[in-house]
Amino acid sequence: MEIVYVYVKKRSEFGKQCNFTDRQAELNIDIPPNPELAELYVERNPVDTGIQCSTSMSEHEANTERIEMETRGVNHIEGGWPKDVNPQELEQTIRFRKKVEKDENYINAITQLGLIMEHCIKQNNAIDIYQEYFDDEDTVEVTEEAPSAKTINVFRDPQEIKRSATHLSWHPDGSRKLAVAYSCLNFQRAPKGMSNDSYIWDLENPNRPEIVLKPSSPVITLEYNPKDSHVLLGGCYNGQIACWDTRKGSQVAELSTVEFSHRDPVYGTIWLQSKTGTECFSASTDGQVMWWDIRKLSEPTEVVIMDITRKEQIENALGAISLEFEATLPTKFMVGTEQGIVVSCNRKAKTSAEKIVCTFSGHHGPIYALQRNPFYPKNFLTVGDWTARIWSEESRESSIMWTKYHMAYLTDGAWSPVRPAVFFTTKMDGTLDVWDFVFKQCDPALSLKVCDEALFCLRVQDNGCFIACGSQLGTTTLLEVSSGLCTLQRNEKNTASSQQPSLKPEEETEGEEETEVQYQLEGLDEVEEEGSPEETPA
């Protein structure tokens, strides 16, 4: 069947009909040539003309929309129980299991699945796909490649009002994520409407942070728990200690009370190597170092006042701005102060006055970075004013090595975790310096301009290949250094120790470490006799 619809429109609605006719051409205007006009022109001789041998082509550009990626996960918990069975009750679950195990369908299913499972188990036992075949090979020779670094990714503060990136922390499992603390350190000069949020970034997705951390006060320092990657510890601008559990969301899981917290901003937080994995300590410019247990953050478990006169007066305390703790020396910790003095402390001393062991003086301003050498724990790096210095615990009068005085102020520093002679520093002019005192002592082996604004913090990944730098405008730049800077060179330990007489090989410090461990065990015995509240089972 054909359907026809005729559209009808009046002639008045679309104008008059056009009628065309033939007619002769008409001359409307005639302009004769004027020889006088030729005098106004100059003959161009010779004439240059460019000719392309290739085909002329046109180029078009299109800026497509950026694809935003989002990572989502599922937190699996035990389930599948009937509504009338409480999985927390052991008797109910045992009774239900016995009932199911008597079912013939259950027995047949287990028999069929058992064969498949047995086949998979035999495959796993036959081939280890994760086996490392080259673990025992010798370390490579010193590479001739020039030191270099390249930018891998850039993570920008998504807020309109930019804040400084004040601290960085790598995810302990594989370092696939990076936690960044954002805050404004200008006292009473924070812009109106500034956000307090800090973020956890996925290294493969710089477009949007993976997790948002929402504190009550801006976070200055942020640290992953090495034993539980879901838990983070933060030191706030108002002096409180905050704890997050990413499985519970963005809000703070535990928060210390104001009256028992620090009186100034918290510039340092470190997790302790404990059985429970819940103990930590913090430092602030109010001159106090506090120990905490995140299971009970209502008040600190211990407080040490940084009064080097050993009178324990808070008025005489030195403001703490950096912390150092080495797991191989569990009773010792070090504090870098605003006054340029490093205070070495012993937590297990019998009296509070004896907890401050000694001091190291050498900087003209605050010590922004303090870290022990991972290969030689008796030696440590400090960064302050215009220099970086290397110290030995056996030489308190002066540092054993130091850099030249730079034109720009130094803001942070860290040792390489894989090479004993390499360390990194950041400066106010946006430069990252890589020092290798086996290769060059007077100047950095590599100086890289990361950004135009000041760099405030840096953190080196555990494999030594990646470095994250945080800037004044909240931009975090991820860099990858060349293989020569992140690979242990042959005889590097011996070369490093020969250049610094106080650097001891590990064999010479074994006796001292045994004494330290023995001292720790004695301290643990005393704690058990007194009854420690931290170890009381919940």
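Student: Which residue in β27 stands opposite Arg459?
Tutor: This is a predicted model. Strand β26 covers residues 455–460 and strand β27 covers residues 466–471. The two run antiparallel, joined by five bridges. Opposite Arg459, in β27, stands Ala468.

Student: Which residue in the turn between β26 and β27 has a positive phi?
Tutor: β26 and β27 form a hairpin, with five residues between them. One residue in that turn has a phi of about 75 degrees. That residue is Gly464.

Student: And in the hairpin of β15 and β16, what is the positive phi in the turn?
Tutor: Three residues lie between β15 and β16. The turn residue to look at is Gly340. Its phi is positive, at about 80 degrees.

Student: Which residue of β16 is the bridge partner of Phe333?
Tutor: Strand β15 spans residues 332–337 and runs antiparallel to β16. Five bridges join them. In β16, the partner of Phe333 is Cys345.

Student: Which residue of β17 is the bridge partner of Val342?
Tutor: β16 also pairs with strand β17, residues 356–361. The sense is antiparallel, over five bridges. In β17, Val342 has as its partner Phe360.

Student: How many residues of strand β16 are buried?
Tutor: Take the faces in turn. One side carries Ile341, Val343 and Cys345, all buried. The other side carries Val342, Ser344 and Asn346, also all buried. β16 is therefore largely enclosed by the rest of the structure, its buried residues numbering six of the six.

Student: Which strands are at the edges of the open sheet that holds β10, β11, β12 and β13?
Tutor: The order is β10-β11-β12-β13, with antiparallel pairing. An edge strand here pairs on one side only. That picks out β10 (266–271) and β13 (302–305).

Student: By how many degrees are neighbouring strands of this sheet turned against each other on average?
Tutor: The sheet is the open one made of four strands, β10 to β13. Direction is ignored for this angle. The average turn is 20 degrees.

Student: Which residue in β12 stands opposite Phe281?
Tutor: β11 covers residues 279–284 and β12 covers residues 288–293. They pair in the antiparallel sense over five bridges. Opposite Phe281 stands Trp291.

Student: Is Cys236 buried or exposed?
Tutor: The cut-off for buried is under 20% relative accessible area. Cys236 has 0% relative accessibility, so it counts as buried.

Student: How many disulfides does a search of the whole structure find?
Tutor: A disulfide needs two cysteine sulfur atoms within 2.5 Å. For the whole structure, the number found is zero.

Technical notes. Residues numbered from 1 in each chain as written. Predicted model: local features only at pLDDT ≥ 70, side-chain atom pairs only at ≥ 80, totals over all residues. Heavy atoms only, no water. Pairing = 2+ DSSP bridges. Axes fitted to C-alpha atoms, helices over the stretch in contact; angles between N-to-C directions. Buried < 20%, exposed > 50% of the residue type's maximum accessible area, 1.4 Å probe, protein only.
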